[in-house]
Amino acid sequence: GVWLREMREARGLSPEEVPHVMLRAGVDRRTIPSARTIRRVEDTGSLPHIRYRFGLAQFFGLDVAQLWPARAREAA
C-alpha cells in the first residue's frame, strides 16, 4: 500500500481524484478502483481485486508483478 500512496502523491492526486484521472487517461472503467478501495489498500496494505491491480499497474506504467509479488497474486 505504501508504494501506491507514494506514487499517487508524486502525481499530486488525492484518492478521490485517482479514479477520475484514470478514466481520462483511458484506463478501462471496469479496472478503476473507487477512492475507498484506494484508501483501504494504502491504509491496510490489503490486496485489491485482481482487475483493480491491473488498472492501477496500467495507470502507473508498471507491471502487476512489480506491484504485487507472486505470493500475493496466488492468494487472490
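In this predicted model, the mean pLDDT of the protein chain is 90, and 91% of the residues reach at least 70. Confidence varies between the elements: helix α2 has the highest mean pLDDT, 98, whereas helix α6 (residues 70–74) has the lowest, 52. The pLDDT falls below 50 over residues 72–76, a stretch for which the model nevertheless contains 7 contacts beyond near neighbours in sequence. Where pLDDT is low, predicted coordinates should not be read in detail.

The secondary structure consists of 6 helices and 0 strands, giving the pattern α-α-α-α-α-α along the sequence. The C-alpha trace spans about 30 × 25 × 20 Å along its principal axes. The radius of gyration of the protein chain is 11 Å, and this agrees with a compact globule, because a globule of 76 residues would be expected to have a value near 11 Å. Of the contacts between residues at least 6 apart in sequence, 44% link residues at least 24 apart. Buried residues account for 38% of the 76 residues. The exposed area of the protein chain is about 4700 Å², of which carbon and sulfur atoms supply 51%.

The largest nonpolar core comprises 17 residues, and the members that touch the most others are W3, L4, M22, L56, F59, F60 and W68. Two or more residues are given to this core by each of α1 (2–10), α2 (18–24), α3, α4 (50–60) and α5 (64–67). The most is given by α4, with 4 residues. In soluble globular proteins, nonpolar side chains tend to be buried together. Among the core members, F59 was examined for its surroundings. With neighbours within four places in sequence set aside, F59 is in contact with R11, L13, V21, M22, A25 and V27. One of these partners, M22, is itself listed among the core residues that touch the most other members.

A further position considered was R40, located in helix α3, which covers residues 35–44. The relative accessible area of R40 is 40%; R40 is therefore partly exposed, as this class lies between the limits of 20% for buried and 50% for exposed residues. Outside the neighbours within four places in sequence, R40 is in contact with G45 and S46. R40 and G1 are separated by 39 residues in sequence, while their C-alpha atoms are 8.4 Å apart in space.

Technical notes
Residues are numbered from 1 along each chain as its sequence is written. This is a predicted model: local features need pLDDT of at least 70, side-chain atom pairs count only at pLDDT 80 or more; totals for chains, interfaces and linings use all residues. Side-chain values use heavy atoms; hydrogens and water are left out. Buried means under 20% relative accessible area, exposed over 50%, partly exposed in between (1.4 Å probe, protein chains only). Contact means heavy atoms within 4.5 Å. A nonpolar core is a set of buried Ala, Val, Leu, Ile, Met, Phe, Trp, Tyr and Cys residues joined through side-chain atoms within 4.5 Å. pLDDT is the predictor's confidence in each residue, from 0 to 100. The radius of gyration is taken over C-alpha atoms; the globule rule is 2.2 Å times the number of residues to the power 0.38. Accessible areas come from the Shrake-Rupley method with a 1.4 Å probe; for residues, only the protein chains shown count as cover.
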